[in-house]
Amino acid sequence: MGESTLPITTEERKEYNKRWREKNKEKMTRHRKAWYEENKNKPGYKEKLYESRIKFKYGIGVGVVNEMLYNQSNRCAICEKEFVSKKTTHIDHCHSTGKIRGMLCEGCNIGLGGFKDNVDILKKAIEYLLVSAKPTLFISHERKSDSNTV
């Protein structure tokens, strides 16, 4: 009998699956679309989708998310705004280590992302806000009207 070409170790299996997915993109897309159409209106579909998404992306279950929300009194870890929807509740994590830091509202999550989680840039932004809050002499550079324009 010939040797098996199936992967043996976890790493071999991951590589095998990756190659298979790359070769069968269209087949997988058709399968996903068919599955979605078949299941989208079933009770609990959105919850299962959320569960699988956080499990895949962060390696945690809904229980961990609920525990974090409870520990934060169902509020954003930065601005303390109360969460009213899962849609605007974000799991904050370090992009370099993958470590989960807490739950943030959409605005705070976008803010940290905009500053690329860089503490030095955030400090400069805070300094900028503090300095710009002080009354200063502001010289306006108004455009002179041109008599030829309408």
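Which residue forms a salt bridge with Arg101, the closest N and O atoms being 2.8 Å apart? The partner is Asp92, and the legends below start from this pair before moving to other parts of what is a predicted model.

**Figure 1. Arg101 and its salt bridge with Asp92.** Let us begin with the two ends of this bridge. Arg101 is partly exposed, with a relative accessible area of 42%. Asp92, on the other hand, counts as buried, at 8% relative accessibility. A cut-off helps here: buried means under 20% relative accessible area, so Asp92 falls in that class.

**Figure 2. Arg101 and Asp117, a second salt bridge of the arginine.** In this view the closest N and O atoms of Arg101 and Asp117 are 3.0 Å apart. Arg101 belongs to strand β2 (residues 100-105), while Asp117 sits in the loop between α5 (106-114) and α6 (119-133), so this pair ties together parts that are 16 residues apart in sequence. Asp117 counts as partly exposed, at 27% relative accessibility. Through shared partners, the salt bridges join Asp92, Arg101 and Asp117 into one network. For the wider picture, a search of the whole structure finds four salt bridges.

**Figure 3. Strands β1 and β2, paired in the antiparallel sense.** The two strands are held in register over five bridges. Look for Ile91, which stands opposite Met103 in β2. Together β1 and β2 form a hairpin, and six residues lie between them. In the turn you will find Gly98, whose phi is positive at about 85 degrees. Is strand β1 (residues 89-93) largely enclosed or open? Four of its five residues are buried, so β1 is largely enclosed by the rest of the structure.

**Figure 4. His93 and the residues around it.** This histidine is found in strand β1. His93 is buried, with a relative accessible area of 16%. Leaving aside residues up to four places away in sequence, His93 touches Tyr58, Gly98, Lys99, Ile100, Arg101 and Asp117. Some of these names will be familiar from the earlier views: Gly98 is in the turn of the hairpin, and Arg101 and Asp117 form a salt bridge with each other.

**Figure 5. Helices α1 and α2 where they pack.** Helix α1 (residues 10-23) and helix α2 (residues 25-39) meet at an angle of about 85 degrees, and their axes are 5 Å apart. That angle makes α1 roughly perpendicular to α2. On the α1 side, the contact is made by Trp20, Arg21, Glu22 and Lys23. The α2 side supplies Lys25, Lys27 and Met28. What kinds of residue make up this contact of α1 with α2? Two are nonpolar, none is polar and five are charged.

**Figure 6. Glu15 and Arg19, a salt bridge within helix α1.** The closest N and O atoms of this pair are 3.9 Å apart. Glu15 and Arg19 are four residues apart in helix α1, and therefore about one helical turn separates them. Are the two ends buried or exposed? Glu15 is partly exposed, with a relative accessible area of 37%. Arg19 is also partly exposed, with a relative accessible area of 39%.

**Figure 7. Asn74 and Glu80, two residues with a positive phi.** Most residues other than glycine have a negative phi, which is the background for this view. Phi of Asn74 is near 55 degrees, and Glu80 has a phi of about 65 degrees. Asn74 is placed in the loop between α4 (62-71) and β1, and Glu80 is found in the loop between α4 and β1 as well. Asn74 is partly exposed, with a relative accessible area of 28%, whereas Glu80 is exposed at 54%.

**Figure 8. Glu106 of helix α5 and its contacts.** Glu106 counts as partly exposed, at 38% relative accessibility. Which residues does Glu106 touch, not counting those up to four places away in sequence? They are Thr88 and His90. Lys87 also belongs in this view: Glu106 and Lys87 are 19 residues apart in sequence, and their C-alpha atoms are 8.6 Å apart in space.

Terms used. Residues are numbered from 1 along each chain as its sequence is written. This is a predicted model: local features need pLDDT of at least 70, side-chain atom pairs count only at pLDDT 80 or more; totals for chains, interfaces and linings use all residues. Side-chain values use heavy atoms; hydrogens and water are left out. Axes are lines fitted to C-alpha atoms, for helices over the stretch in contact, and angles run from 0 to 180 degrees between N-to-C directions. Angles under 35 degrees count as roughly parallel, over 145 as roughly antiparallel, 65 to 115 as roughly perpendicular and the rest as oblique. Contact means heavy atoms within 4.5 Å. Ala, Val, Leu, Ile, Met, Phe, Trp, Tyr, Cys and Pro count as nonpolar, Asp, Glu, Lys and Arg as charged, and the others, Gly among them, as polar. A salt bridge is a side-chain nitrogen of Lys or Arg within 4 Å of a carboxyl oxygen of Asp or Glu. Buried means under 20% relative accessible area, exposed over 50%, partly exposed in between (1.4 Å probe, protein chains only). Two strands pair if DSSP finds at least two bridges between them.
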